[in-house]
Amino acid sequence: MTTDDDTAAAAAAISHKDKGNEAFKASQWSEAVQQYSSAIKLGAKHKELPVFYKNRAAAYLKLEQYQNALDDCTESLRLAPNDPKALFRRAQAYEALSKPEEAYRDATALFKADPGNKSVQPMLKRLHLIVQENAARNAKTSTKVTQMMELTFDFAAPIEKRRSAANNLVVLAKEPAGAELMYKEQCIAKIATLAKVEKDHDIYLNMVRVVASLCENSVERTKGVLTELGIPWFMRVLDQKHEDCVSTAQFCLQSIINALSGLKNKADAKPDKELCSRNNREIDSLLTCLVYSITDRTISGKARDAVIELLTRNVHYTALEWAERLVEIRGLCRLLDVCSELPDYKYESAMDITASSSTIASVCLARIYENMYYDAAKVRFTDQIDEYVKDKLLSPDMESKVRVTVAITALLNGPLDVGNQIVARDGILQMILAMATTDDLLQQRVACECLIAASSKKDKAKALCEQGVEILKGLYHSKNDAIRVRALVGLCKLGSYGGQDAAIRPFGDGAALKLAEACRRFLIKPGKDKDIRRWAADGLAYLTLDAECKEKLIDDKDSIHALMDLARAGDQSCLYGVVTTFVNLCNAYEKQELVPEMVELAKFAKHHIPEEHELDDVDFVNKRITVLANEGITAALCALAKTESHNSQELIARVLNAVCGLQELRGKVVQDGGVKTLLRLALEGTEKGKRHASQSLARIGITINPEVAFSGQRSLDVIRPLLNLLLQDCTALENFEALMALTNLASMNENVRQRIIKEQGVSKIEFYLMEDHLYLTRAAAQCICNLVMSDDVVKMFEGDNDRVKFLALLCEDEDEETAMACAGALAMLTSVSTKCCAKILDIASWLNILHTLIANPSPAVQHRGTVVILNMINAGPEITKKLFATDIMELLSGLSQLADNTRTKAREVATQCLAAAERDRIIERSDNAEIPDVFAESAKITEIVDDD
């Protein structure tokens, strides 16, 4: 680069710095960051490079991006050691990141370099106290850690004392100071040794929990744990017989992934891209080991399920975006191997699987396919599936064909489009139909399952009706119940492709009821294993699209109890049949809106128009929902809601929303633990599922005291789902219910109001003040009225905006409830803010607004209006003089004499207004003067007008 180029770059860098300074002064923090970044890029050799960095750090501090601010200050100090501003800003960043010791160190260095710096003195004083407290606490913690570690790892100590010490270590490990001390005391190495010989289950489990806690929020400790223990150690912990040990090991592995990627155990958490990049090698190694362990023949079925669930949770583009890498290392083939595993083929090399393994693997395949968002990725996914199927079919033995058929069924239950492509290949469907006609029970069973899965779409079901019905009828007469129930489900599915349209009946009249009765017998018959009952539930899932079947089923208590029992077991393989049956019974499925004009047009064009059955009327639906709620549907759905399938989560949310649609059942949902499940469903899954869950929470928040419905932390967690219902895509009913629930929540305490503010809720709520809808405007006004109890909301109204003006104008609204809420909010604002009092006088029509409030026909609005005027009088003499330069005094005087008992409160406040004005010598009392009765004078004028 030439000298001229260097000079031009330096000049450009200074120019960007100056623009950044201007943006910073204008409070445009993001723009300032961009300008300073450009200056850094162009001025890499500039003498003011340290200034560029520390200025950008200041902007980052304003944006609350404290880690970025810390990094910039460190770089500035590297270039210009002991720079006062860089030290001060780094101290601020350290303090915001909850690192008081480091902040104190920088503040002390700044004080030594510049003893006269007044801005650092309060910080130094504050940090000194915090550091002293931490030091004292750490000394106590250090003693506790030493004692608990000695007891836990002393095999000669009594077992009860060791268990108690292990419990205490779990608690200590959750504290940052305790975790750091334990890590330095070589706790990990001791745990590795203990795990080899420990026989007590509780102590073993607590040591795994300690490892998880040590990894949380610390990349350094996490890498140390991985180095010391190694990934195989976690796989050994995962491979246990006890379910709680498997889930704890799974949580521990997730904690490691979270620490390396910046993810949190929250539904809407996002990874830190920079952290992921820095720790890419460790993340890739860990996930690769998990993929390879999918087909590990030595681990248990529960461990295998836990590994696949971890992958499902983390491969998505909203998490670690690792799906393409999984395809690259041929993870799809391993998942298909799990799907194709059958308990019927038992070899020494067979994998141990659970009843849910195939379903969990199908969900994982579907989640991976979601990430194939461009054509080339989809082709790679499909090619690998194709290759797997072809390789299996090259073998001439029947076992390979059976395994391929089972794998295809899993694809049809997961990434449906890929499964349909495979079925459409030459010879595949013919092979499946041929297997169904053999005498081999295993072939008949897997062929039936595949035919059921293949008829998911209407066109496919219609085509299979022509080829498969007779085969399924033949299989239904089998002597084997497992074959019969599958054939029955196939017939149910093919016979229900008309959906809820009462006009389409693929089979004859009464056929659906006969099939339902057959499913019922399998469902409730004593001695039937869970697999047969699960398939019977699947059959009912299809048949209950028919309204007559719904009514027959809801009246059958034994069948309802059997469905509830299946759900409470939490078996993922039962999920689809049970939940879909509940959705159909509640009519909670997606309904096509029939526009009258389009219906007439369809009639004219002789197109088919869907017809609704009379038994699907609202009264019948509400009766069915009530029966299900009283039978404990909420608890049953909570057990099934642990699924990773977003579509299944949506179905569960739909049913719970249908139950919450009936006001008298909302308390039962809360009582049965539905709120916890709904909070999770409201933040993860499909958009429709999240909306249904959020609406359920809103409905609960309207009817039930929020302190009861959303106790503790839940009162804060519910805010975001409710605010999500205020988006323009949501219906007016969803908007209204969310506003009403937020109104109740805002009345709880300041913590709730602060969370609403933090989630940018005030502006979202204010938007509906301008909505041309009576109930939405009223609900928004009532919510704002509760929110102004917060000092931070008051500051928003004090700002350079028209918030006070708009609220004052709404006091003139024709709707009494809206006017009352706005007048109440204005009364609270003016009671604590002189600025808000002055802003009322800046409104062009302020006098008309006050006239409306004083003479309002509603006693409640009038009372609030006079309180506003009293607050304005108490705000200072200048505002009072402007008020009494008008006819306000006469109106207040007349109001103070009013004999109407319904307006006692307003009369008392009017008297206080006059007394306050007299106190400030704005008006003087004249005992001899006759006080005019303005209301009587007004009546006289009215009479004269009437006489004319």
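**Figure 1. Arg-278 and Glu-274 form a salt bridge, with their closest N and O atoms 3.1 Å apart.** This view, like the others here, comes from a predicted model. Both residues belong to helix 15 (residues 273-278), where they sit 4 residues apart, about one turn of the helix. How accessible is Arg-278? Arg-278 has a relative accessible area of 55%, so it counts as exposed. Glu-274 reaches 44%, so this partner is partly exposed.

**Figure 2. Helix 8 (residues 159-173) holds both Arg-163 and Glu-160.** The two residues are 3 positions apart, again about one turn of the helix. They form a salt bridge, and 3.0 Å separates the closest N and O atoms. Is Glu-160 buried or exposed? With 52% relative accessibility, Glu-160 counts as exposed, while Arg-163, at 27%, is partly exposed. Side chains of opposite charge can pair when their charged atoms come close.

**Figure 3. Arg-425 makes a salt bridge with Asp-386, and the closest N and O atoms are 2.6 Å apart.** This pair ties together distant parts of the chain, since the residues are 39 positions apart. Arg-425 lies in the loop between helix 23 (416-423) and helix 24 (428-436), and Asp-386 lies in helix 21. Asp-386 has 12% relative accessibility; buried means under 20%, so Asp-386 counts as buried. Arg-425, at 33%, is partly exposed.

**Figure 4. Four residues share a network of salt bridges: Glu-551, Asp-555, Lys-623 and Arg-624.** If you enjoy spotting such pairs, the model offers a count of 38 salt bridges.

**Figure 5. Tyr-317, Tyr-373 and Tyr-374 form a nonpolar patch on the surface.** Together, the three tyrosines have about 320 Å² of accessible area. Where does Tyr-374 lie? Look in the loop between helix 20 (357-370) and helix 21 (375-394). Tyr-374 is partly exposed, because its relative accessibility is 33%.

**Figure 6. Helix 29 (residues 530-543) packs against helix 31 (residues 557-568) at an angle of about 115°.** Their axes are 11 Å apart, and the crossing is left-handed. Helix 29 brings Lys-530, Arg-533, Arg-534 and Ala-537 to the contact, and helix 31 brings Ala-562, Leu-563, Asp-565 and Leu-566.

**Figure 7. Stepping back, the protein chain has 56 helices and 0 strands.** Of its 948 residues, 51% are buried. The chain exposes about 44,800 Å², and carbon and sulfur atoms supply 51% of that area.

Technical notes: Residues are numbered from 1 along each chain as its sequence is written. This is a predicted model: local features need pLDDT of at least 70, side-chain atom pairs count only at pLDDT 80 or more; totals for chains, interfaces and linings use all residues. Side-chain values use heavy atoms; hydrogens and water are left out. Patches are made of residues with over 30% relative accessible area and no salt bridge: like charges are joined within 9 Å, nonpolar side chains (Val, Leu, Ile, Met, Phe, Trp, Tyr) within 5 Å. Accessible areas come from the Shrake-Rupley method with a 1.4 Å probe; for residues, only the protein chains shown count as cover. A salt bridge is a side-chain nitrogen of Lys or Arg within 4 Å of a carboxyl oxygen of Asp or Glu. Buried means under 20% relative accessible area, exposed over 50%, partly exposed in between (1.4 Å probe, protein chains only). Axes are lines fitted to C-alpha atoms, for helices over the stretch in contact, and angles run from 0 to 180 degrees between N-to-C directions. A crossing is left-handed if the near helix is turned anticlockwise from the far one by less than a right angle, and right-handed if clockwise. Contact means heavy atoms within 4.5 Å.
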